Amino acid sequence: QLRKFFPGSPIYVMSDGGMDFTPLCKQQGCTFVLCPPANDRWHPWPFFKRLVDAAQSLNTEYVIMLEPDNTIHGPIRREPQHDAGGIFVKDRSFGLVDYVEKMAQSRVPGFKWTKTAMSAGLAGGAYFRREAILDAFSDDNMMKLDWNMLGERATKEIYSSDFAMQFALAAR
């Protein structure tokens, strides 16, 4: 369905130690990368690095992250308005807001990590501005976050990409 609704869009397929989609990508004209499996349950860096690699390869203003359980039903109906967005998660909030806001204020004075921003579920189907990916998930910015402290003072869910992306994007 991607080619049906987005015929001219570049497609980047990444498999993290799973199936090899080289023949499909040759047929469909997309980029395929087979990555070694990574035990990224205890640090989100491998996932972020893969997203950075995809954003660099695609070289588009926005990247839409799809996962195997996502389906495409039509074209995008509303242009993205933010650096990232995804499934609305009612009543979601995160701890350590002061820590994240303090980090972010060096780039955006007065930054506030709002409940609305925290409500974006950054799972399959989420969109990201390329600039935000390259900044927030860069090696330098990843190392600025104290992941050990976040894991100790928050929950272990912080290491899940869906949660870790929220912290990295807000802290940039």
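This section describes the core, the aromatic pairs, the salt bridges and some local features of a predicted model.

The largest nonpolar core has 38 residues. Phe48, Phe137, Trp147 and Met165 have the most contacts inside this core. Five helices each supply at least two of its residues: α3 (45–58), α4 (97–104), α6 (130–136), α8 (147–153) and α9 (161–171). In soluble globular proteins, nonpolar side chains tend to be buried together. Phe137 illustrates the packing. Setting aside neighbours within four places in sequence, Phe137 is in contact with Phe48, Leu51, Val52, Ala132, Met142, Met165, Ala168 and Leu169.

Helix α9 is mostly covered, with 9 of its 11 residues buried. Among them are Met165, Phe167, Ala168 and Leu169. Polar residues also appear in the buried set of α9, including Ser161 and Gln166.

Aromatic residues pair in several places. The structure holds 9 aromatic pairs. One of them joins Trp113 and Phe167 edge-to-face, at 5.1 Å centre to centre and with 70 degrees between the planes. This pair links distant parts of the chain, 54 residues apart. Trp113 sits in the loop between α4 and α5 (115–118), while Phe167 belongs to helix α9. Trp113 is buried, at 6% relative accessible area. Phe167 is buried as well, at 3%. Elsewhere, a single aromatic cluster is formed by Phe47, Phe48, Phe137 and Trp147.

Charged side chains also connect separate segments. The structure holds 8 salt bridges. Glu61 and Arg129 meet in one of them, at 3.4 Å from N to O. Glu61 lies in the loop between α3 and β3 and Arg129 in strand β7 (residues 127–129), so this pair ties together parts 68 residues apart in sequence. The partners differ in cover: Glu61 is exposed, at 54% relative accessible area, whereas Arg129 is buried, at 19%.

A salt bridge also forms between Asp83 and Arg172, with the closest N and O atoms 2.5 Å apart. Here 89 residues separate the partners. Asp83 is in the loop between β3 and β4, and Arg172 is in the segment after α9. Asp83 is partly exposed, at 29% relative accessible area. Arg172 is buried, at 8%.

Arg107 and Glu131 make a further salt bridge, their closest N and O atoms being 3.8 Å apart. Arg107 is in the loop between α4 and α5, and Glu131 is in helix α6, 24 residues apart. Both count as partly exposed, Arg107 at 42% relative accessibility and Glu131 at 48%. Through shared partners, salt bridges join Glu61, Asp83, Arg107, Arg129, Glu131, Asp135 and Arg172 into one network.

Asp135 has a further contact. Apart from neighbours within four places in sequence, Asn141 is in contact with Asp135 and Ala136. Asn141 lies in helix α7 (residues 139–144). This residue is buried, with a relative accessible area of 14%.

Two residues other than glycine have a positive phi near 60 degrees: Asp91 and Leu96. Asp91 is in the loop between β5 (87–88) and α4, and Leu96 is found in the loop between β5 and α4 too. Their cover is opposite. Asp91 is exposed, at 68% relative accessibility, but Leu96 is buried, at 15%.

Nonpolar side chains also reach the surface. Ile64, Leu66 and Ile76 make a nonpolar surface patch of about 250 Å². Ile76 is placed in the loop between β3 (62–64) and β4 (84–85). Its relative accessible area is 44%, so Ile76 is partly exposed.

Methods:
Residues numbered from 1 in each chain as written. Predicted model: local features only at pLDDT ≥ 70, side-chain atom pairs only at ≥ 80, totals over all residues. Heavy atoms only, no water. Core = buried A, V, L, I, M, F, W, Y, C linked by side-chain atoms within 4.5 Å. Buried < 20%, exposed > 50% of the residue type's maximum accessible area, 1.4 Å probe, protein only. Helix = DSSP H or I, 4+ residues; strand = E, 2+ residues; numbered from the N terminus. Contact = heavy atoms within 4.5 Å. Patch = residues over 30% accessible without salt bridge, like charges linked within 9 Å, V, L, I, M, F, W, Y side chains within 5 Å. Areas by Shrake-Rupley, 256 points an atom, 1.4 Å probe, with all protein chains shown as cover. Salt bridge = Lys/Arg side-chain N within 4 Å of Asp/Glu carboxyl O. Phe/Tyr/Trp six-rings, centres within 6.5 Å; stacked < 30°, edge-to-face > 60°.
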